[in-house]
Amino acid sequence: MKRFLTKHWLLSSLVLFAVLLLFDRVTKNWASLALRDGPVVLIEGVLEFRYLENTGAAWGTFQGMQWLFYILTVVFLAIAIAEIVRLSKKSRYLPLVYTLVVTLSGAVGNFIDRLSQRFVVDFIYFKLIDFPIFNGADCCITVSMAILVILLLFYYQNEDLDYIVPGQNAK
């Protein structure tokens, strides 16, 4: 499997991106149709689906600043795509490539919402801890960032960091 991924990194990256983006789009469309009349309780007092139109960023911060999200997302997409292409040249960095692809899928999923509706559809609510309502794209971004931290702390060595972040040790 590792050999297949190494040989076909572009195809596997595109498939991963497409599947995650499709999942995000389908779940947000479902939430927009099914949850406007009220929440759907999955586990009483713990987990429910609840429709929310979020014009801000994570946890509702930066409400109404869509122009900022447009700029930041386009800049992030350009940098991430360039890094995916650069890092994919060495199979050792494919875990990092796939982590960036998952992050991209989440960023693009929310970007599509912002462009088409001027808000992001959020619907997953952990009532038990009163956690802010979020969506599948947010999960992709959060999980991929956690994986990134794990990779940087436990998988990649100092010499790998020179390749990942060029010029970091230059003086």
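Student: Which residues does S88 touch, leaving out those up to four places away in sequence?
Tutor: With those left out, S88 touches W9, L94 and V97. Keep in mind that this is a predicted model.

Student: Okay, and where is S88 in the chain?
Tutor: S88 sits in the loop between α3 and α4.

Student: Buried or exposed? I mean S88.
Tutor: S88 is buried, because its relative accessible area is 11% and the cut-off for buried is under 20%.

Student: Let me zoom out. How many helices and strands does the chain have?
Tutor: The chain has 6 helices and 3 strands. Going along the sequence, the pattern reads α-α-β-β-α-α-β-α-α.

Student: And how much of the chain is buried?
Tutor: Of its 171 residues, 39% count as buried. As for the surface, the chain exposes about 10200 Å², and 71% of that comes from carbon and sulfur atoms.

Student: What about contacts between residues at least 24 apart, what share do they make up?
Tutor: If you take the contacts between residues at least 6 apart in sequence, 66% join residues at least 24 apart.

Student: Back to the helices. What does α2 span?
Tutor: Helix α2 covers residues 9–34, which is 26 residues. From its first C-alpha to its last, α2 reaches 37 Å, close to the 38 Å expected at 1.5 Å a residue.

Student: Which residues of α2 are buried?
Tutor: The buried ones in α2 include W9, S13, L20, L21, D24 and R25. Further along α2, T27, K28, A31 and S32 are among the buried residues too.

Student: W9 came up with S88 as well. Now, which residues line the second largest pocket?
Tutor: W9 is one of them. The lining also includes L10, S13, L14 and F17, along with L77, I81, I84, V85, V101, L104 and V108. Elements giving two or more residues to this lining are α2, α3 (66–87) and α4 (94–117).

Student: Which element gives the most to that lining?
Tutor: That's α2, with 5 residues.

Student: What volume does the second largest pocket have?
Tutor: About 210 Å³.

Student: Tell me about V101 from that lining. Where is V101 found?
Tutor: V101 is found in helix α4. V101 counts as buried, since its relative accessibility is 3%.

Student: What is V101 in contact with, aside from neighbours within four places in sequence?
Tutor: With those set aside, V101 is in contact with S13, L16, F17 and I84. You can also look at A18: V101 and A18 are 83 residues apart along the chain, while their C-alpha atoms are separated by 9.8 Å.

Student: Switching to strands. How do β1 and β2 pair?
Tutor: Strand β1 (residues 40–43) and β2 pair in the antiparallel sense over 3 bridges. In that pairing, I43 stands opposite L47 in β2. The two strands form a hairpin with 3 residues between them, and G45 in the turn has a positive phi of about 75°.

Student: And which strand does β2 join on the β3 side, parallel or antiparallel?
Tutor: Strand β2 (residues 47–54) and β3 run antiparallel, with 6 bridges joining them. One facing pair there is N54 and V120, the latter in β3.

Student: How many residues of β3 are buried?
Tutor: In strand β3 (residues 120–126), 6 of the 7 residues are buried, so the strand is mostly covered.

Student: G45 had a positive phi. Which residue other than glycine has a phi near 70°?
Tutor: That one is R118, in the loop between α4 and β3. R118 is exposed, because its relative accessible area is 54% and exposed means over 50%.

Student: And a phi near 50°, which residue has that?
Tutor: D130, another case of a positive value in a residue other than glycine. D130 lies in the loop between β3 and α5 (136–155). At 55% relative accessibility, D130 counts as exposed. For background, most residues other than glycine have a negative phi.

Student: Last one: what does D138 touch, not counting residues up to four places away?
Tutor: D138, which lies in helix α5, touches N110 and D122. D138 and N110 are 28 residues apart along the chain, and their C-alpha atoms are separated by 8.0 Å.

Terms used
Residues are numbered from 1 along each chain as its sequence is written. This is a predicted model: local features need pLDDT of at least 70, side-chain atom pairs count only at pLDDT 80 or more; totals for chains, interfaces and linings use all residues. Side-chain values use heavy atoms; hydrogens and water are left out. Buried means under 20% relative accessible area, exposed over 50%, partly exposed in between (1.4 Å probe, protein chains only). Helices (H or I, at least four residues) and strands (E, at least two) are DSSP runs, numbered from the N terminus. Two strands pair if DSSP finds at least two bridges between them. Contact means heavy atoms within 4.5 Å. Accessible areas come from the Shrake-Rupley method with a 1.4 Å probe; for residues, only the protein chains shown count as cover. The expected span of a helix is 1.5 Å times one less than its number of residues. On a 1 Å grid over the protein atoms alone, a cavity is a set of points where a 1.4 Å probe fits but cannot get out, and a pocket is an open set with protein on both sides within 12 Å along at least five of seven lines; lining residues have an atom within 4 Å of a point. Grid points are joined across faces, edges and corners, and a volume is the space filled by probe spheres set on the points.
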